[in-house]
Amino acid sequence: MVHSIDQQASKKLPSYSDQRASVSILGSTGSIGQSTLAVLAAHPERYDLYALSANTRVDLLLEQCLTWHPNYAVINDSSKADWLAIEFKKAGLSTELLVGEVGLDAIASDDQVDIVMAAIVGAAGLQSTLAAVTTGKKVLLANKESLVMAGPLFMTAVKSSNAVLLPIDSEHNAIFQCLPQSSLSDSTKKTAFTEIKKILLTGSGGPFRTLPIREFSEVTPEQACSHPNWSMGRKISVDSATMMNKGLELIEACYLFDCKPSLIEILLHPQSIIHSMVEYVDGSVLAQLGQPDMRIPIAHALAWPQRMSSGVQSLDWQALNALSFESPDLQRFPSLAIARQVANDAISSSIIFNAANEVAVQSFLDNRLSFTDIITVVEESLAKIPSSEPSSLIDIKTVDEEARRIAGSIIACL
Ligand SMILES: NC(=O)c1ccc[n+]([C@@H]2O[C@H](COP(=O)([O-])OP(=O)(O)OC[C@H]3O[C@@H](n4cnc5c(N)ncnc54)[C@H](OP(=O)(O)O)[C@@H]3O)[C@@H](O)[C@H]2O)c1
């Protein structure tokens, strides 16, 4: 993982100073995908865009292809493929069009690809992200859900393929930057971790940090998607409003940093300037600060182990009145207690937690479920499905499908 990337792995990476790197973006039409393109656009001398992908937003995918002329484009929704193929032909584009999961796997694992940005939202990103990891790419991981669902399988694949896994979630990227450099080697990892007292995983508290709890049941999708600090896709925006996102991040951090949930404290920081911290046994606390703009972790991970411009403005210290912190209210955000329990449970619990949440969030966004019932669906799904330890991709997908079926039936009864 992240802190256990060995030197051999970093040596095989193309360094931007001497060699161009070829990039595939899984989910290029999303919020992270578009921010990635913005960073790449600022560094045309360092990166070649190899492939782009979308689920249904075919107009935007076409626009991106016309701008970037990638070797491949993948559209997941096969009903849009014919239209896109005709548009490519009309425009004289040489970009080859691929369709569905097979196409995503291909652009994630192609020999010509050095870097894969895994920015598909939800469980839909698991297989292609795993394909990138298994083939030893430098993988920029935005799709936290794949790690939550398949942590042990995923991290084993990272180790055996010598893939380089770099976190894009701003919090995990910050923790990565604050961890001791010595932890970049597997052999010294244990020593490094005895030096760490605590990982402080920060979160803004989302749009409802101060909303009276009695008003939660009336919350609309538009309100839930209006994050005070970050501009993001709709699913992660709702996850931020329930703080389910922080729960998923807790589980993600345990796998990425190979640590127990008890090492990680969740801390609210409404201004989203500090992106997370690491406290050492001597009382030193290292923090990573910056504007709440995803181009920063994206540029960090693209250039790692070097640095390059992200295009984001410097912090204006005079304009920062105060940085405040508070403990999360577990009555307001029950997702945090559930996530901590899940992080200590069997792997099936993480899969169910993620799948039930995805189904519930989609129902909420479709106005078929209340905001407060998102948590009810997750809790009831966890209670209904027996624990297990699926270890293969097929078995993980089986638990995921079962959890989606159960969550759907719970929603139908609410
Ligand atoms: N946004 C942020 O600031 C942020 C920060 C940290 C982590 N993340 C994580 O990054 C990931 C992406 O988030 P986002 O906010 O960028 O999401 P988003 O804006 O909703 O974009 C999701 C991307 O995935 C594609 N996609 C959706 N369903 C798919 C499917 N079934 N098959 C193939 N592709 C599919 C979408 O295509 P269409 O456009 O065609 O729908 C789009 O390109 C999530 O895991 C999220 O938790 C996001």
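Why does Lys384 count as partly exposed? Select Lys384 and look around: 15 other C-beta atoms lie within 10 Å, so Lys384 is partly exposed. The scale is simple: a residue is buried with 20 or more other C-beta atoms within 10 Å of its own, exposed with 12 or fewer, and partly exposed in between, with C-beta atoms placed from the backbone.

Two notes before moving on. This is a predicted model, in which local features need pLDDT of at least 70, side-chain atom pairs count only at pLDDT 80 or more, and totals for chains, interfaces and linings use all residues. Residues are numbered from 1 along each chain as its sequence is written.

**Stop 1: helix 16**

Stay on Lys384, which belongs to helix 16 (residues 373-384). Helices (H or I, at least four residues) and strands (E, at least two) are DSSP runs, numbered from the N terminus. Now add Ala403. Its C-alpha is 9.0 Å from that of Lys384, with the two positions 19 residues apart in sequence numbering.

**Stop 2: Phe364**

Select Phe364 in helix 15 (residues 347-365). Phe364 counts as buried because 25 C-beta neighbours fall inside 10 Å. Show its contacts, where contact means C-beta atoms, placed from the backbone, within 7 Å. Leaving out residues up to four places away in sequence, Phe364 touches Pro221, Val238, Leu369, Phe371 and Ile374. For a long view, measure to Pro44: the C-alpha atoms are 41 Å apart, and the sequence separation is 320 residues.

**Stop 3: the two domains**

Colour domain 1 (2-178) and domain 2 (182-291 + 322-413). These bounds come from an automatic or database domain assignment. The C-alpha centres of the two domains are 24 Å apart. Domain 1 brings 32 residues to the contact, and domain 2 brings 39. On the domain 1 side, helix 6 (126-134), helix 7 and helix 8 each give two or more residues. Helix 7 gives the most, with 10 residues. That side of domain 1 divides into 16 nonpolar, 11 polar and 5 charged residues. Here Ala, Val, Leu, Ile, Met, Phe, Trp, Tyr, Cys and Pro count as nonpolar, Asp, Glu, Lys and Arg as charged, and the others, Gly among them, as polar.

**Stop 4: the ligand shell**

Which residues are closest to the ligand? Select Gly27, Gly30, Asn55, Ala124 and Gly233, the closest of the 28 residues that surround the ligand. Near means a C-beta atom, placed from the backbone, within 6 Å. The shell holds 12 nonpolar, 11 polar and 5 charged residues. Domain 1 and domain 2 each supply at least three of its residues. Helix 2 (31-41), helix 7 (144-161) and helix 11 (234-242) each supply at least two. The largest share, 3 residues, is from helix 2.

**Stop 5: helix 2 and strand 5**

Keep helix 2 on screen. Its buried residues are Ile32, Gly33, Ser35, Thr36, Leu37, Val39 and Leu40. Their cover includes strand 1, strand 2 (47-54), helix 3 (58-68), strand 5 and helix 13 (295-303).

Move to strand 5 (residues 115-118). Ile115 and Met117 are buried on one side, Val116 and Ala118 on the other. Strand 5 pairs in the parallel sense with strand 1 (residues 21-26) over 4 bridges. Pairing requires at least two DSSP bridges between the strands. Strand 5 also pairs in the parallel sense with strand 6 (residues 138-141), again over 4 bridges. Pick Ala118: its bridge partners include Leu26 and, in strand 6, Leu141.

**Stop 6: the mixed sheet**

Select strands 9-8-10-11, given in sheet order; the sheet is open and its pairing mixed. Strand 9 (264-268) and strand 11 (285-289) are the edges, each pairing on one side only. Neighbouring strands are turned by 20° against each other on average, direction ignored. Strand 8 (residues 196-203) runs antiparallel to strand 10 (residues 274-280), joined by 4 bridges. Leu200 has Met277 as its bridge partner in strand 10. Add helix 8 (residues 170-178), which lies across strand 8, strand 10 and strand 11, at about 35° to strand 10. Axes are lines fitted to C-alpha atoms, for helices over the stretch in contact, and angles run from 0 to 180 degrees between N-to-C directions.

**Stop 7: backbone details**

Ser272 sits in the loop between strand 9 and strand 10. Its phi is near 50°, positive in a residue other than glycine. Ser272 is buried because 21 other C-beta atoms lie within 10 Å.

Finish at Pro305, in the loop between helix 13 and helix 14 (334-344). The peptide bond from Trp304 to Pro305 is cis, with omega near 10°.

Key. Two residues are in contact if their C-beta atoms, placed from the backbone, lie within 7 Å.
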